[in-house]
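Work through the exercises below with the model open. Each task is followed by a solution in steps.

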Amino acid sequence: MYLDGLDTLDQKIVRLLIENARISYSDIGEKIGISRVAVKARIQTLEQKGIIEEYTTVINPQKISGAVSCYFEIETTPDCLAQVTQILDRHDTVTQIYRVTGRDKLHVHAVAASAEEMETFLHTVIDTLPGVQSCSCNMILSRIKDIKGLRL
């Protein structure tokens, strides 16, 4: 369903990479019946088109240091939305910003080393954003399901 826009070989490559992003070009080639060079070329094309965005290691800071994760729902006036997005984008505490349905709303995830650091971020950044009409903050207590990207 999600991969219908790709040809059969690219679909097979993407499925193999989803299973194991560290799989070698040679192993992929053996499994789908094309050369290592052809696999590399196809993967590079998928990357250039933005279909494959990244290969990464995801660290859960809560498991290391007891970091605090929160998400904010922020509604702004239309004329301040771009400015608010730019301000939030500059802060390392902010890990994700999504534009969501509704009137000029943002869904923002933030991770801080402690509750004190999160409170400072809330008072010095969130509370000072221009044009905010409403804002709610929810602390994430635990991850139940957290899938990155597309899963088939």
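**Exercise 1. A salt-bridge network**

Task: Classify Asp7 by its relative accessibility, then do the like for its partners in the network of salt bridges.

Solution. Step 1: Asp7 has 38% relative accessibility, so it counts as partly exposed. The cut-offs are under 20% relative accessible area for buried, over 50% for exposed, and partly exposed in between, with a 1.4 Å probe and protein chains only. The model is predicted: local features need pLDDT of at least 70, side-chain atom pairs count only at pLDDT 80 or more, and totals for chains, interfaces and linings use all residues. Residues are numbered from 1 along each chain as its sequence is written, and side-chain values use heavy atoms, with hydrogens and water left out.

Step 2: Arg42 is at 23% relative accessibility and therefore counts as partly exposed. Asp10 is at 12%, so it counts as buried.

Step 3: Find the bridges. A salt bridge here is a side-chain nitrogen of Lys or Arg within 4 Å of a carboxyl oxygen of Asp or Glu. The structure holds two of them. Asp7 and Arg42 form one, at 3.1 Å from N to O. Asp7 lies in the segment before H1 and Arg42 in helix H3, so this pair ties together parts that are 35 residues apart in sequence. Helices (H or I, at least four residues) and strands (E, at least two) are DSSP runs, numbered from the N terminus.

Step 4: Asp10 also forms a salt bridge with Arg42, with the closest N and O atoms 2.8 Å apart. Here helix H1, with Asp10, is linked to helix H3, with Arg42, across 32 residues. Together, Asp7, Asp10 and Arg42 make up a network of salt bridges.

Step 5: List the contacts of Asp10. Contact means heavy atoms within 4.5 Å. Leaving aside neighbours within four places in sequence, Asp10 is in contact with Arg42 and Leu46.

**Exercise 2. The two faces of H2**

Task: Which residues of helix H2 (residues 25–32) are buried?

Solution. Step 1: The buried residues are Ile28, Gly29 and Ile32. Seen down the axis of H2, they fall within an arc of 100°, so they line one face of the helix. That arc is taken from the directions from the helix axis to the C-beta atoms.

Step 2: Turn to the face away from the buried side. Glu30 and Lys31 are the exposed residues there.

Step 3: Ask what covers the buried residues. The cover includes helix H1 (8–19) and helix H3 (36–48).

Step 4: Look past the end of the helix. Gly33 follows H2 and has a positive phi, near 85°.

**Exercise 3. The sheet**

Task: In what order do the four strands of the open sheet stand?

Solution. Step 1: The order is E2-E3-E1-E4, and the pairing is antiparallel. Two strands pair if DSSP finds at least two bridges between them.

Step 2: Find the edges. Strand E2 (94–100) and strand E4 (132–140) each have a single partner strand, so one side of each is left without a neighbour in the sheet. On average, neighbouring strands are turned by 15° against each other, direction ignored. Axes are lines fitted to C-alpha atoms, for helices over the stretch in contact, and angles run from 0 to 180 degrees between N-to-C directions.

Step 3: Inspect one pair. E2 and strand E3 (residues 105–112) run antiparallel and are joined by six bridges. Val100 stands opposite Lys105, and Ile97 opposite Val108.

Step 4: Follow the hairpin of E2 and E3. Four residues lie between the strands, and Gly102 takes a positive phi near 110°.

**Exercise 4. H6 and Leu122**

Task: Which strands does helix H6 (residues 115–124) lie across?

Solution. Step 1: H6 lies across strand E1 (68–76), E2 and E3, running at about 15° to E1.

Step 2: Place Leu122. This residue is found in helix H6. At 24% relative accessibility, Leu122 counts as partly exposed.

Step 3: Find its contacts. Not counting residues up to four places away in sequence, Leu122 touches Phe72 and Asp127.

Step 4: Check one distance. Leu122 and Cys137 are 15 residues apart in sequence and 9.0 Å apart in space, C-alpha to C-alpha.
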